[in-house]
Amino acid sequence: MAENIRFYKRGGFDNILNYLYQYGNKNFVELPFSEVDATVLSAFSYIPFEEFLSLNDSFEEMTISEMCVSYLAWINIDYVQALFPEGLQKSVFLAMALLRNKRFSSLKVKAFSYHFSTKSQTQFAAIDVELSPDVHAVVYRGTDNTIVGWKEDFNFALYDKVYGQDLAHRFLAHQMNLYPKEKFYVMGHSKGGNLAVYASYLLGKKNLMRVLKIYNLDGPGVSKKVSEEERYQNVLPLIFKAIVKSDIFGNLLFAQVADIVIDSYPEGDFANQHDLYNWKIQNGKFLTVDRVTPESKYVTTTFNRWLEKELIDIQEKRNLIEAIFKVQAETEYSSVDKILEDPAGFVFAFLKMVGTKENKEERKVLRKGLSLLMKVFLEENPNYNKDKNDYNKGKTFLDSIRKEIGKNYQIVMKKGEEK
């Protein structure tokens, strides 16, 4: 009976919540730590502990179960409806699934670091979880729904290093110094994946040898300068990179080749496929596909070329990003939630606002940036059409094989029943 439990099943597939119920009675000796476990901890790191727990040096060691109890006791319906409506609902389900989970509930969270600053445009959170007496997991939170968090993401395209990456390295180095004999997994989803890579890349050789694996779960790459450095090349073999089928975020900037492409839900939805609760799991492992969709490749190639080859001047990039966020603040799309609820409406409002800007310099910056983006978009279109044709040919071929296998399987089963 227990094997049939489906606590949070969407689109006819298992996700990390189902995984917790199906495999939560196994410890890490019985079922070794995997990329699915790294995803569970990454999801856990999004819970807004800063709202109800002590931070940084004041944080007192707690188990995952105790932190979940504190969260569920603190949260209220008004808060859920006002902020991250669906995201926070999922985190409530996650906390409930972790409460009495043998695999995770008794794990100790040794540290919780949090920093939020509009001045430095930094949204940062990280936890250190003790998986066993000799192994820790440092987990970095990805981007939340604040405008500051989104501005920080844009800064990745401007600078070789941002303040949040410095904080990530300091946190990891500090925990390694506190526990000098332990080994470490380092991980994060989205921006958190980038922070995990960057924090490890800045480690000295001695500490880097203590890193077991770095999980970059659909997070962007690094700058060109960092990607060419020898010490970054030394980190690459330790990185497990996962992206999703309709990927955008994981292939931005100079990203390493993905180890797996996760089949995610729903089809063709870039934002929701990035949501780690929508990643498909079967038999305790992620369901994977051979490659990203042509649309995904088209978008990431266009944006990477636009940022790297067309917008060369750093001040030009900075002015464009500042102008984008200024226009965003002047429209009715004042929060990230509103943008995500109606992306087409936001684009229309954005273009309308650009045309009516009184500040000529601001209007000039925006128009130049958008015209360059359109130029690259159109120039990449032939490559996209060719890739789409190749993709659909391969898909048709595979579909015909699957259909034939399924038909033969039904014949065999029918004959077996007749006997």
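Which residue forms a salt bridge with Asp-387, and how far apart are the closest N and O atoms? The partner is Arg-291, and the closest N and O atoms of the pair are 2.9 Å apart. We will come back to this pair below, after a look at the whole chain.

## The chain as a whole

Welcome to this structure, which is a predicted model. The protein chain holds 18 helices and 11 strands. Among its 419 residues, 51% count as buried. The accessible surface of the chain comes to about 21,100 Å², and 55% of that belongs to carbon and sulfur atoms.

How much of the contact pattern comes from residues 24 or more positions apart? Such residues account for 69% of the contacts in the chain with a separation of 6 or more.

## A sheet of nine strands

A good landmark to find in the model is an open sheet of 9 strands with mixed pairing. Going across the sheet, the order is E1-E2-E3-E4-E5-E6-E7-E8-E11. Strand E1 (62–63) and strand E11 (288–289) are the edge strands, each pairing on one side only.

Start from the E1 side. E1 and E2 run antiparallel and are joined by 2 bridges, with Thr-63 standing opposite Lys-108 in E2. Strand E2 covers residues 108–117, and 7 of its 10 residues are buried, leaving the strand mostly covered. On to E3: the pairing of E2 with E3 is antiparallel too, over 9 bridges, and Tyr-114 stands opposite Ala-125 in E3. These two strands form a hairpin with 4 residues between them. In that turn, Gln-121 has a positive phi of about 50 degrees.

## Around strand E5

Further along the sheet, is strand E5 largely enclosed or open? Since 6 of the 7 residues of E5 are buried, the strand is largely enclosed by the rest of the structure. E5 pairs with E4 in the parallel sense over 6 bridges, and Phe-184 in E5 is the bridge partner of His-136. E5 (residues 183–189) also runs parallel to E6 (residues 211–217), again with 6 bridges joining the two. Phe-184 stands opposite Val-211 in E6, while Val-186 has Ile-214 in E6 as its bridge partner.

Helix H8 (residues 191–201) packs on the sheet. H8 touches strand E3 (122–132), strand E4 (135–140), E5, E6 and strand E7 (239–244). The direction of H8 makes about 145 degrees with that of E5.

## Salt bridges that link the chain

The model has 13 salt bridges. Back to the opening pair: Asp-387 lies in helix H18 (residues 381–418) and Arg-291 in the loop between E11 and H13, so their salt bridge ties together parts that are 96 residues apart in sequence. Asp-387 counts as buried at 11% relative accessibility, whereas Arg-291 is partly exposed at 27%.

Another salt bridge joins Arg-305 and Glu-379, with the closest N and O atoms 2.2 Å apart. This pair also links distant parts of the chain: Arg-305 is in helix H13 and Glu-379 is in helix H17 (residues 360–379), 74 residues apart. Salt bridges that share partners join Arg-305, Lys-375, Glu-379 and Glu-380 into one network. Glu-379 counts as partly exposed, with 38% relative accessibility. Elsewhere, Glu-229 forms a salt bridge with Arg-231, the closest N and O atoms being 3.6 Å apart. Glu-229 is partly exposed at 24%, and Arg-231 is partly exposed at 38%.

## Two residues to visit

Is Thr-300 buried or exposed? With a relative accessible area of 5%, Thr-300 is buried, because values under 20% count as buried. Thr-300 sits in helix H13 (residues 294–310). A polar atom of the Thr-300 side chain lies 3.2 Å from the backbone oxygen of Lys-297. Leaving aside neighbours within four places in sequence, Thr-300 is in contact with Asp-247, Ile-248 and Asn-251.

For the opposite setting, try Glu-267, which counts as exposed at 55% relative accessibility. Glu-267 is found in the loop between strand E8 (260–262) and helix H12 (270–274). Not counting residues up to four places away in sequence, Glu-267 touches Lys-245 and Gln-273. Glu-267 and Lys-245 are 22 residues apart in sequence, and 8.7 Å separates their C-alpha atoms.

Notes:
Residues numbered from 1 in each chain as written. Predicted model: local features only at pLDDT ≥ 70, side-chain atom pairs only at ≥ 80, totals over all residues. Heavy atoms only, no water. Buried < 20%, exposed > 50% of the residue type's maximum accessible area, 1.4 Å probe, protein only. Contact = heavy atoms within 4.5 Å. Areas by Shrake-Rupley, 256 points an atom, 1.4 Å probe, with all protein chains shown as cover. Pairing = 2+ DSSP bridges. Axes fitted to C-alpha atoms, helices over the stretch in contact; angles between N-to-C directions. Polar contact = N/O pair within 3.5 Å; in protein donor to acceptor, adjacent residues only side chain to side chain. Salt bridge = Lys/Arg side-chain N within 4 Å of Asp/Glu carboxyl O.
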